[in-house]
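Subject: Structure handover

Hello,

Here is the structure I promised to pass on to you. Have a look at it first, and then read on for what turned up when I went through it.

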Amino acid sequence: MKMIDMVAMPQLDYELLPQKIQGVEYLAELALDLRNTWDHGTDDLWKALEPELWALTRNPWLVLQTVSRTKLKNLAADSRMREEVARLLEARKRRLDGPLWFPQTYPDSPLTGVAYFSMEFGLAEALPIYSGGLGNVAGDQLKGADDLGVPVAGVGLLYQQGYFRQFIDSDGNQTALYPYNDPGQLPVTALRDAQGEWLRLPVNLPGGKLWLRAWQAQIGRVSLYLLDSNDPANPPVYRGMTSELYGGGPEMRLQQELILGIGGWRLLRELGLHPEVCHLNEGHAAFAVLERARHFMEESRQPFEVALAVTRAGNLFTTHTPVPAGFDTFAPSLIERYLKYYAEHLLGVRMQDLMALGRRNPEDSSEPFNMAYLAIRGSGAVNAVSRLHGAVSRGIFQDLFVRWPRREVPVGYVTNGVHTPTWDSLEADRLWTAAGGAERWRGTMESLGDSIRSTPDADLWKMRCANRAELVEYVRRRIPADLAGRGIPSQSWLDNLFDPNCLTVGFARRFATYKRPNLLLHDPGRLIRILTDPRRPVQLLIAGKAHPRDLEGQAMVREWIRFVQQPQVRPHAVFLADYDMLLAEYLVQGVDLWINNPRRPWEACGTSGMKVLVNGGLNLSELDGWWAEAWSPEVGWALGDGRDHDSDPAWDAHEANQLYDLLEREVIPDFYDRDAAGLPRKWIARMRESMARLTPRFSVNRALREYTENYYLPAAQAYRQRALEHGALGKELLSWREQLRRHWSALRFGGVQVETASGTHTFRVQVYLDDLDPEAVEVQLYAEPLNGGDELVHRLERGEPLVGAIRAWVYSGQVKAERPAADYTARIVPRHPLARIPLEAPHILWQR
């Protein structure tokens, strides 16, 4: 059954709503579709019911449960509101039934389902099961799948508390708070089986059975399936396993990743879903590759090694980590305690063989178990999240592909993109609709940039000014409330807080040392002069959390709080506490300039700056992550020199001064240089080009189409091919790999002859293959890249056997003599027409 058709619709818990009010079930249908938390079309409906609660939470389901019966009855009796609800329901139906990019482009696709596993999903503030960038990427992936009709279903965890909420006390200290996520107030529903029973899954853990409850969130036609351990049948120690996102110690993290990977795949099978592709969003979910292989073992009666060879072809691992320390690792004793029974009795393998999948050196019994290594060895493809991050990741994983050139380490990349309809303001939505139509983000967007380029300057600037004014109003409402919550009485300077006509700059990130959130504070006096210039003032908004265990990050939060509390600074700069998706919406919609200054190359991608693009905001950013691909002088400003400098304090100081210089000499003058009509023409020119060139390019629409065409479709085809005849191809590949393992150490080169004539090098290379089938390998010439170009790889053809030798041949070939013959080295690599080299066979032998 096609996964796009198998949306396992939940049995809605209407008993939570007033039953005797006609039409309440239609409101529930709208409220439980998370699409309506960002789609502007239903905003007026929720505002009419509970305006204050809607503004604070953007949670339609909570609004619907909280609103009084009287208001609901009045709504049901109001013919205009009934017509509006009917219109919204009809619009939703048309959208669900309408034409979509994927089924129209690939009507006979082998791809019917993608299971997208992630530790967190940032879909909306109404469902707070995210911490930051990783969750935003995952959430936007599901939203993009809904827009394009790609058959994706998400798999994650429903946390009782989620990630911490930030409170700043009167001294500027960060306190971590963990409010309870009441599932009854979240836009999720219990998954029920055909008999109406709540779907619960048993998982065996040391000490007993763990029961997992299953939930579902709906994003248009896409489902997100969630598991939690807070089942009353569980012992108290088990019920808290899914309490906090990224909380607790290593054991809680391992428990959560077992629930996500093993429990998540079991849930899909319980629902009758059989996705060809399993997409691991980071290594947290890597245990899914084991459980997927186990299910294939049961279906095909094949051993684990064959099952893994078959199923890995359908697995994709996306790494978001720019440093090796960012991967989850676990002590061998902890892995053995939780997985020994699973390995020996369910997978039928020795514990040391399972441990080897997560180690760089399988023979080192003291080496921790690395989830990224398990993901690589259980996947058919690996990708990073920007072009630069691809190069960084190839360096990180080179130890798994010993003696392979870094450029050939099998890590590709798909640069992240954001779901533009989530982040655009109402004014931006109107402008883009006028330029590109209401369906602009659901196609291939070829002409969208040209439509924006033809938009008049005045229209662009009106949109930008309206967005800025909305942000200023938000700040003026929020800051007095924040101060009162911290016990600070209202003060006179609040009357002059921010100006809707002033250049507005934003910085909002996780407060970690590599992100350098305090680079702007390198010279506080110079920053104060920039902010308080009476002719060309600047107003600055700062937001961000430091992890509760990151004391350095918390110290940087304190430094910013103390800076903005200075009397001369207070009207011009604010720190907005508890950075979340709702605050992020206001910021990315309202700021004129977004600053991002991580240490290169430690920003894998960074999507916060992408979110300002649709709203006409500009970027001033380090040449790292996505900005290293996006930047040109016509679309914004670049920080740094495009090279890596590690954590050099002198370079930090240099870049801080460069940042001040750019603000003083280019950014601020361009914003305030106005013509007779009051328009900043140079600024608007950058706005227009940034919007036209970068918004489509760095959207999830483009990113998901790349995933679909470059990864999902090939993975689905490869998995289907390997799964035929109970995994016959998997058995063949396993036999081929065993041949390589047995004979590789005996392979060797003989003599090499080179003749150069008529502009051509002719190579003749003697190769001794022991008892290895010559079809199992390929002999190549390799030359290092020059001047930033590509490496040269040329296949040599097997010719006559060597006289008197056993299983030895001469391999020969010709290359143009554009480079010296000494630049070329012969090598032997594995060869199989249906294997991923070197991902599945990392052997390599070089001519010495």
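Tyr-116 stands opposite His-279 in β9, and that pair is a good place to start looking. Please keep in mind throughout that this is a predicted model. The two strands involved are β1, residues 114-118, and β9, and they pair in the parallel sense over 5 bridges. Strand β9 has another parallel partner in β10 (residues 315-318), to which it is joined by 4 bridges. There, Asn-281 of β9 is the residue that faces Thr-318 in β10.

How much of β9 is buried? The strand covers residues 277-281, and 5 of its 5 residues are buried. In a regular strand the side chains alternate between the two faces of the sheet. In β9, Val-277, His-279 and Asn-281 point one way, while Cys-278 and Leu-280 point the other way, and all of them are buried. So both His-279, the residue opposite Tyr-116, and Asn-281, the one opposite Thr-318, belong to the set that points one way, and both are buried on the cut-off of under 20% relative accessible area.

Follow the chain out of β9 and you come to Glu-282, in the loop that leads to α11 (287-300). Its phi is near 80°, which is a positive value in a residue other than glycine. Glu-282 has a relative accessible area of 6%, so this residue is buried too.

A second residue with this kind of backbone angle is Arg-807, where phi is near 50°, again positive and again not in a glycine. Arg-807 is in the loop between β25 (797-801) and β26 (808-816). Is Arg-807 buried, partly exposed or exposed? Its relative accessibility is 31%, so Arg-807 counts as partly exposed.

Next, the sheet toward the end of the sequence. Strands of a sheet pair through backbone hydrogen bonds, either parallel or antiparallel. This one is an open sheet of 4 strands in the order β24-β23-β27-β28, with antiparallel pairing. The edges are taken by β24 (792-795) and β28 (845-846); each has a single partner strand, so one side of each is left without a neighbour in the sheet. The partner of β28 is β27, residues 824-830, and the two pair in the antiparallel sense over 2 bridges. Within that pairing, Arg-827 stands opposite Trp-846 in β28.

The loop between β27 and β28 is where you will find Pro-838. A cis peptide bond joins Ile-837 to this proline, with omega about 5°. Another cis bond runs from Arg-600 to Pro-601, where omega is near 5°. Pro-601 is in the loop between β18 (593-596) and β19 (618-622).

Two further loop residues may help you find your way around. Ser-758 is in the loop between β21 (748-757) and β22 (760-768), and with a relative accessible area of 79% it is exposed. Ser-758 and Lys-816 are 58 residues apart in sequence, yet their C-alpha atoms are 9.1 Å apart in space. Pro-456 is in the loop between α19 (448-453) and α20 (457-485), and at 44% relative accessibility this proline counts as partly exposed. From Pro-456 to Thr-760 the separation is 304 residues in sequence and 58 Å in space, C-alpha to C-alpha.

Finally, the overall picture. The protein has 27 helices and 28 strands, and its C-alpha trace spans about 95 × 70 × 50 Å along the principal axes. Why does the radius of gyration agree with a compact globule? For 848 residues, such a globule would have a radius near 29 Å, and the protein has 29 Å. Of those 848 residues, 60% count as buried. Among contacts with a separation of 6 or more, 73% are made by residues 24 or more positions apart. The accessible surface comes to about 33400 Å², and carbon and sulfur atoms account for 49% of it. As for charge, there are 96 positive and 107 negative side chains, and the centres of the two sets lie 0 Å apart.

Happy to talk any of this over once you have had a look.

Best wishes

Definitions and conventions
Residues numbered from 1 in each chain as written. Heavy atoms only, no water. Rg over C-alpha atoms; globule rule 2.2 N^0.38 Å. Buried < 20%, exposed > 50% of the residue type's maximum accessible area, 1.4 Å probe, protein only. Contact = heavy atoms within 4.5 Å. Areas by Shrake-Rupley, 256 points an atom, 1.4 Å probe, with all protein chains shown as cover. Lys, Arg positive; Asp, Glu negative; His and termini not counted. Charge placed at Lys NZ, Arg CZ, Asp CG, Glu CD. Pairing = 2+ DSSP bridges.
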